[in-house]
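Visitor: I should like to examine the model that follows. Please guide me through its computed features.

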Amino acid sequence: MLQVPFIRENKDNVIKQLAVRNIDATKMIEDVISLDEERKQTQTLLDNALAESNTLSKEIGNLYKSGKADEANALKEKTTELKETTKTLNDKLSQTVDALNELLYKIPNVPHSSVPKGSTEDDNEVVFSEGTIPTLDKNALPHWELAKKYDIIDFELGNKITGAGFPVYKGKGARLQRALIAYFLDKNTEAGYTEYQLPLLVNEASGFGTGQLPDKEGQMYHVTEDNLYLIPTSEVPGTNIFRDVILEESQLPIGITGYTPCFRREAGSYGAHVRGLNRLHQFDKVEILRVEHPNRSYEALDEMVEHVKTILKELKLPYRILRLCGGDVGFTSALTFDFEVFSTAQERWLEISSVSNFETFQANRLKLRFKNSEGKNELAHTLNGSSLALPRVLAGILENYQTKDGIEIPEVLIPYTGFKIID
RNA sequence: GGAGAAAUGGCAGAGCGGUCGAAUGCGGCAGUCUUGAAAACUGUUGAGGGUCACACCUCCGGGGGUUCGAAUCCCUCUUUCUCCGCCA
């Protein structure tokens with residue numbers, strides 16, 4: 001959520017930059033400012049009334065002490081009136097604050113100046129690509145066929161146990177999953193991220209903290225009995241570590257990594273593009289997350305991009321990096337780079353990582369601050385990225401590494417899998 | 001799941017319904033002393049709103065109530081601890 005003082009001071013620029021997302025925020029921004037104005041006025045009136053009633057109460061106390069009960073009783077009548085006033089003002093204030101917040105929840109983050117204009121994913125900018133796309137045999141199969149052929153992922157079984165989108169990994173398939181998780185975690189901790197194991201269910205406050213609530217409620221599985229939500233990404237529990245936290249400047253930067261399954265309802269997604277591992281309700285992901293000083297958060301973003309590149313290079317997968325356009329960049333993000341792996345048999349790019357700088361957008365909701373060199377509390381910047389999401393990496397490996405003898409295992413993974421080929 | 005106890009500032013820990021945003025200790029910061037450090041001493045040290053700056057207002061786990069006035073009384077929820085039960 002954007003900060004009101006920031007909106008006030010940069011009104012025109014905010015509107016101009018939000019236009020990159022193809023939204024005309026003029027009215028929303030003006031409403032924010034006028035609601036905030038109203039909030040301040042009401043607050044002042046309320047404060048004055050409260051101040052008066054505080055003074056009166058003290059006087060009454062003193063009068064009682066000095067035995068002047070009559071005078072005290074006279075003053076009491078006055079405070080009764082004041083009570084009415086404060087109640088009315090208080091109601092008005094909370095209405096205004098609610099309206100203001102509701103509006104603020106609807107305004108997305110201001111895109112970074114480098115975010116290109118555009119409306120769909122076709123307008124994303126390819127900024128880097130690496131790796132060679134293998135020439136496969138004409139009998140090459142998409143990963144869901146390979147999964148069946150080598151009996152390593154059973155989609156139907158998952159269907160039976162739970163439903164579509166909950167695959168069962170078997171044998172070498174399961175082992176490969178575990179290998180990938182361990183390998184990613186090792187790479188991330190080597191790069192300085194501290195490993196965490198996080199809860200898979202979060203409460204309402206955490207959902208609000210990272211912005212899944214109130215808007216994207218339908219995307220999460222909700223355990224109504226206990227009012228908990230299954231996490232759609234470890235970003236939620238990971239970032240909420242820092243909810244209501246004031247750090248010392250010397251504690252920055254903070255980098256954490258964690259593996260969790262992720263649960264997404266993906267309501268309204270159907271068709272060929274969601275076949276096999278392309279889109280699941282439950283999938284595994286290893287995440288990296290940073291809390292940074294505002295001065296160097298973009299440097300940190302570059303470091304994260306470089307880090308993910310190293311992993312893909314080691315896995316020898318053909319990939320490219322996109323700078324997301326205004327129409328595609330997430331609600332909370334200021335700048336996002338997506339990584340895509342080429343799925344040779346499907347002949348399409350699959351998104352496997354998304355690395356973003358949220359600047360203060362999340363921190364503002366979380367109240368994540370640090371004491372700056374002047375001793376003032378200042379909002380920190382948060383960033384996160386997948387490093388990496390499993391299913392599509394797996395899809396990429398299965399498809400790109402298939403040979404007539406079986407599926408070869410990328411060399412860096414062999415110490416983790418204990419086998420060299422799936423056949 | 002049952003019974004009991006508790007929740008106060010970074011931590012520990014006081015707090016007869018008014019003078020309490022809150023004693024005291026520790027920690028943090030600044031200074032004195034010292035070649036430097038430690039010790040000692042002095043001062044300072046929660047968050048948010050508001051203001052040019054003050055004033056002023058709100059916050060003692062969350063929510064509600066009683067009262068002219070609540071950290072203090074009542075209700076409720078949550079969490080923690082102890083005991084019992086169940087259990088990976």
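**Helix H10 and salt bridges**

Visitor: What end-to-end distance do the C-alpha atoms of helix H10 show, and which span should its residues have?

Guide: Helices (H or I, at least four residues) and strands (E, at least two) are DSSP runs, numbered from the N terminus. The expected span of a helix is 1.5 Å times one less than its number of residues. The 19 residues of H10 (297–315) should therefore span 27 Å, and this agrees with the distance between the end C-alpha atoms, 27 Å.

This is a predicted model, in which local features need pLDDT of at least 70, side-chain atom pairs count only at pLDDT 80 or more, and totals for chains, interfaces and linings use all residues. Residues are numbered from 1 along each chain as its sequence is written, and side-chain values use heavy atoms, without hydrogens and water.

Visitor: Which residue of strand E10 does Glu 303 of H10 tie to?

Guide: A salt bridge is a side-chain nitrogen of Lys or Arg within 4 Å of a carboxyl oxygen of Asp or Glu. The side chain of Glu 303 meets its partner at 2.9 Å, N to O. The two parts are 13 residues apart in sequence, and the partner in E10 (residues 282–292) is Arg 290.

Visitor: Is Arg 290 buried or exposed?

Guide: Buried means under 20% relative accessible area, exposed over 50%, partly exposed in between (1.4 Å probe, protein chains only). Arg 290 has 10% relative accessibility, so the residue counts as buried.

Technical notes: Chains lettered and ligands numbered in written order.
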